[in-house]
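Work through the exercises below with the sequence and the model open. Each task is followed by a solution in steps.

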Amino acid sequence: MLIKKQTGIEIPPSQITPEHIYRSRRRFMQGAAALSATALLAACGPQGNTAVTDAPRGRAATTGDEGKEPGQVAAATDELGDSLTKYQDIITYNNYYEFTTDKQTVSFMAADLRTSPWQVEVGGLVRNPGVYDIDDLRAQFDQEERIYRLRCVEAWSMVIPWIGFPLHKLLAAVEPLAAATHVRFETLYDPEQMPGQKSSWFDWPYVEGLRLDEAQHDLTLLATGLYGKDLLPQNGAPLRLVVPWKYGFKSIKSIVKIDLVETQPTSLWMASAPNEYGFYANVNPEAPHPRWSQASERRIGELGRRETLKFNGYEAQVASLYNGEDLRENF
Ligand code: MTE
């Protein structure tokens, strides 16, 4: 069941990147492809103020008519009054390294990913392990709309109306054992479908993790759709994590495995560049990345930059999870 509060939405006009800027960006990205894995997120990363946005140029989505138009959403803004990011931008400006490091090519590269049938194995330290079909997950857990800010570690951001269900509902169904302290997530490993996985830059598959209390927080979502429609492959279809107070790389896409474990999982990014990407990855404007500031961000579709908010604006809801912890040490 889909829970919606209201219908109708007005989206502000997006800025279109002129062709010459797009072309120079493509040359830049080709150069970035030659860099080491540890430099990659940075290479795709932050830029200064710019007269144009770095958003896509309104190219058609990848999967035919169904991808091109947004569905209905409940509100035009998030709870801070920030406008939703344009649907076209959300589905054509993506990070999905299993396909390519070029954000503006992901939607094409990922278009043929087979997302049905799809099963998710939930196990480890639980009383009721199980293999869930994606359709069963949709049917068993009420689908609700959640409008969240997504803040990439590269210092760009969006406001996205997700559809999904809180992870804690699934966790309650499998009943974590007392020994479980963390949750480990894994993306599909299929180099034939995901050519980026043929590269040895990363230790595939993409892995992410949360502390159990973070995973059980009501904000933590398993998303199945956005803008009133099923997720497209480029956004992590058919099931992805969304943890809005953490940098976007924690929000792992196309999940096939969820395990309750008794030690802190090592994520793909921690393994690749432990000095740059920590386990916690809480959005923190006071803790710069070793190679750039995290004090401000570029909202896709807007001119200029805006200040980054602690915990991405969700401080009131999540700060108590980290009482007494050094957020610079636990970065
Ligand atoms: N999940 C997988 N499996 N592979 C990835 O490359 N990129 C992450 C995250 N999840 C990534 C992933 C990063 S760096 C970001 S910012 C978000 O996905 C981007 O999500 P979006 O493309 O839907 O905006």
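## Exercise 1: Polar contacts of the ligand

Start with one contact: an N or O atom in the side chain of Asn-94 is 3.0 Å from an oxygen atom of the ligand. The model is a predicted one.

Task: Find how far a backbone N or O atom of Asn-95 and a polar side-chain atom of Asn-235 lie from an oxygen atom of the ligand.

Solution.
- Step 1. For Asn-95, take a backbone N or O atom; the distance to a ligand oxygen is 3.2 Å.
- Step 2. For Asn-235, take a polar atom of the side chain; a ligand oxygen lies 3.0 Å away.
- Step 3. Turn to the ligand surface: taken alone, the ligand exposes 540 Å², and the protein buries 100% of that area.

## Exercise 2: The shell around the ligand

Task: State where the ligand sits and how the residues of its shell divide into nonpolar, polar and charged.

Solution.
- Step 1. Locate the ligand: the largest cavity holds it.
- Step 2. List the nearest residues. Of the 18 residues around the ligand, those that come nearest are Tyr-97, Glu-98, Arg-240, Ser-251 and Lys-253.
- Step 3. Sort the shell by residue type, which gives 9 nonpolar, 6 polar and 3 charged residues.

## Exercise 3: The loop between β9 and β10

Task: Decide whether Gln-234 is buried or exposed, and find what its side chain reaches.

Solution.
- Step 1. Place the residue: Gln-234 is in the loop between β9 (229–230) and β10 (240–242).
- Step 2. Apply the cut-off, under 20% relative accessible area for buried. Gln-234 has 0% relative accessibility and therefore counts as buried.
- Step 3. Follow the side chain of Gln-234, which reaches the backbone oxygen of Ile-91 at 2.8 Å.
- Step 4. Stay between β9 and β10, where Pro-238 is also placed in the loop. Ala-237 and Pro-238 are joined by a cis peptide bond, with omega about 0°.

## Exercise 4: Backbone angles elsewhere

Task: Give the phi values of Ala-155 and Ser-254, then decide whether each residue is buried or exposed.

Solution.
- Step 1. Ala-155, in the loop between β4 (143–151) and β5 (156–166), has a positive phi near 80° although it is not a glycine.
- Step 2. The relative accessible area of Ala-155 is 1%, so this residue is buried.
- Step 3. Ser-254, in the loop between β10 and β11 (255–261), is not a glycine either, and its phi is positive at about 45°.
- Step 4. Ser-254 is buried because its relative accessibility is 0%.

Terms used. Residues are numbered from 1 along each chain as its sequence is written. This is a predicted model: local features need pLDDT of at least 70, side-chain atom pairs count only at pLDDT 80 or more; totals for chains, interfaces and linings use all residues. Side-chain values use heavy atoms; hydrogens and water are left out. A residue is near a molecule or strand if one of its heavy atoms lies within 4 Å of it. A polar contact is a pair of N or O atoms within 3.5 Å; within protein, one must be able to donate a hydrogen and the other to accept it, and residues adjacent in sequence count only if both atoms are side-chain atoms. Accessible areas come from the Shrake-Rupley method with a 1.4 Å probe; for residues, only the protein chains shown count as cover. On a 1 Å grid over the protein atoms alone, a cavity is a set of points where a 1.4 Å probe fits but cannot get out, and a pocket is an open set with protein on both sides within 12 Å along at least five of seven lines; lining residues have an atom within 4 Å of a point. A molecule sits in a cavity or pocket if more than half of its atoms lie within 2 Å of its grid points. Ala, Val, Leu, Ile, Met, Phe, Trp, Tyr, Cys and Pro count as nonpolar, Asp, Glu, Lys and Arg as charged, and the others, Gly among them, as polar. Helices (H or I, at least four residues) and strands (E, at least two) are DSSP runs, numbered from the N terminus. Buried means under 20% relative accessible area, exposed over 50%, partly exposed in between (1.4 Å probe, protein chains only).
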